[in-house]
Amino acid sequence: MAGKQGLWIVAALCVLAGAMGAKAGDMVPQTQQPASPDAVSRGNFGPFVRSLNDRAYGYQLVPDPAVAADRAGSGQPARIVEKFEVHPGDCGGDNAIDCGRDRERSELSERGARNPAGSTYWYRWSLYIPTDFVDVSPTKVALGQFHQEDSHPAWMFEVDGSGYHLDDHVTGKKPRYHTLIKAGDLRGRWHDIVVFAHWSKDDSGILRVWADNDLKFDYQGPTMTAEKIYFKYGLYRSFVSRYQNANETDKVPAQTVYFTNVRRADRREGLGS
């Protein structure tokens, strides 16, 4: 369904077919039905599936929180974006594998051909962290990661009380954490992340990361240790017990984040404006 005409029909499709046919970024009414990852266009990425969470509230297509309130009653609906929400105990669906591994999440995981060693791509996503987002440090919270197939994550994009950071899991060099957006600038507004990657296990690898058009990380060297990389995004909490122990509680507060403009392309121009 191309263009803006006829997009209001998507609301009915969301109810009847789990949001099939809607496009994140289009202008359609909010649905309370479970959303389908297939409802979102993502450049030349392959398909995405939900990862270890089947809660209906965990992944939704909703009006842009940055503008929805301003447009209330104006007759001009906000664009639709992807909402990820994690509640205490969200450690898996029927499988529930995270429950024994000190983790909670609501993520989407890339499937299909993925990103083999020797490949080169541009990536983009826009991220919105609400003003009431709770810092749950020392639990680690990742909002995006390049994971290795049959291995550990290579690069994680993490948030804590000091901001949004890139965490290097490939080289093991210090400093591992590279700040992309400082805490004072982070919440209550959209931020645009662009990544250029040449995936390689040798020194020909390249990883460059821009945050809001500023180059924040420029690296050449191994960018992977496995054969393939795949992208995951949403909300992933690991070492949940650290927060529980530090605060003498059995629950970590709920968190919500929003994404849009998630894309992969062969050239930067293919990421859109």
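Here are some notes on this predicted model, point by point.

1. **The largest pocket.** A good place to open the viewer is the largest pocket, which has a volume of about 480 Å³. Its lining is made up of 25 residues, and those nearest the centre are Arg-103, Arg-105, His-147, Lys-232 and Tyr-236. Sorted by class, the pocket lining has 11 charged, 8 nonpolar and 6 polar residues.

2. **Which strands build that pocket.** At least two lining residues come from each of β1 (48-51), β4 (103-110), β7, β8 and β14. Which strand gives the largest share of the pocket lining? That is β7, with 5 residues. The next points follow these strands through their pairings.

3. **Strand β4 and its two partners.** β4 is mostly covered, with 7 of its 8 residues buried. It pairs with β1 over 4 bridges in the antiparallel sense, and it also pairs with β14, again antiparallel, over 7 bridges. Glu-107 is a handy residue to click on here: Ser-51 stands opposite Glu-107, and in β14 the bridge partner of Glu-107 is Gly-234.

4. **Strand β8, well wrapped.** Is β8 enclosed or open? Strand β8 (residues 153-160) is largely enclosed by the rest of the structure, because 7 of its 8 residues are buried. The cut-off behind that word is a relative accessible area under 20%.

5. **The β7 and β8 hairpin.** Strand β7 (residues 140-148) runs antiparallel to β8, and 5 bridges join them. Within this pairing, Gln-145 stands opposite Met-156 of β8. The two strands form a hairpin with 4 residues between them, and Asp-150 in the turn has a positive phi of about 60°.

6. **The β8 and β9 hairpin.** On the other pairing of β8, strand β9 (residues 163-168) is joined to β8 by 6 bridges in the antiparallel sense. Phe-157 stands opposite Leu-166 in β9. These strands also form a hairpin, here with 2 residues between them.

7. **A cavity to look at separately.** How many cavities of 30 Å³ or more are there? The count is 1, and this largest cavity has a volume of about 60 Å³. It is lined by 13 residues, with Phe-133, Val-134, Asp-135, Val-159 and Asp-160 nearest its centre. The cavity lining has 6 nonpolar, 4 polar and 3 charged residues. Val-159 and Asp-160 fall within the residue range of β8, 153-160.

8. **Aromatic pairs.** Searching the whole structure turns up 26 aromatic pairs. Take Phe-84 and Phe-259 as an example: their ring centres are 5.6 Å apart and their planes meet at 85°, so the pair is edge-to-face. This pair links distant parts of the chain, as Phe-84 belongs to strand β3 (residues 80-86) and Phe-259 to strand β15 (residues 255-265), 175 residues apart. Phe-84 counts as buried because its relative accessibility is 0%. Phe-259 is likewise buried, with a relative accessible area of 0%.

9. **Arginines over rings.** Two contacts of this kind are worth a look in the viewer. Arg-242 has its charged end over the ring of Phe-239, 3.8 Å from the ring centre. Arg-268 lies over the face of Trp-210, at 4.6 Å from the ring centre.

10. **Backbone details in loops.** Most residues other than glycine have a negative phi, and most peptide bonds are trans. Against that background, three spots deserve a second look. The peptide bond from Ser-137 to Pro-138 is cis, with omega near 10°, and Pro-138 sits in the loop between β6 (120-128) and β7. Asp-212 has a positive phi, near 50°, and lies in the loop between β12 (206-211) and β13 (214-220). Asp-212 counts as partly exposed because its relative accessibility is 32%.

11. **Phe-239 once more.** The phi of Phe-239 is also positive, about 55°, although Phe-239 is not a glycine. This residue is in the loop between β14 (228-238) and α4 (240-247). Is Phe-239 buried or partly exposed? At 37% relative accessibility, Phe-239 counts as partly exposed. Its ring is the one that has the charged end of Arg-242 over it.

Note on methods:
Residues numbered from 1 in each chain as written. Predicted model: local features only at pLDDT ≥ 70, side-chain atom pairs only at ≥ 80, totals over all residues. Heavy atoms only, no water. 1 Å grid on protein atoms, 1.4 Å probe; cavity = no way out; pocket = protein on both sides within 12 Å on 5 of 7 lines; lining within 4 Å. Points joined across faces, edges and corners; volume = space filled by probe spheres on them. Nonpolar A, V, L, I, M, F, W, Y, C, P; charged D, E, K, R; others polar. Phe/Tyr/Trp six-rings, centres within 6.5 Å; stacked < 30°, edge-to-face > 60°. Buried < 20%, exposed > 50% of the residue type's maximum accessible area, 1.4 Å probe, protein only. Lys NZ or Arg CZ within 6 Å of the ring centre and 35° of its normal. Pairing = 2+ DSSP bridges.
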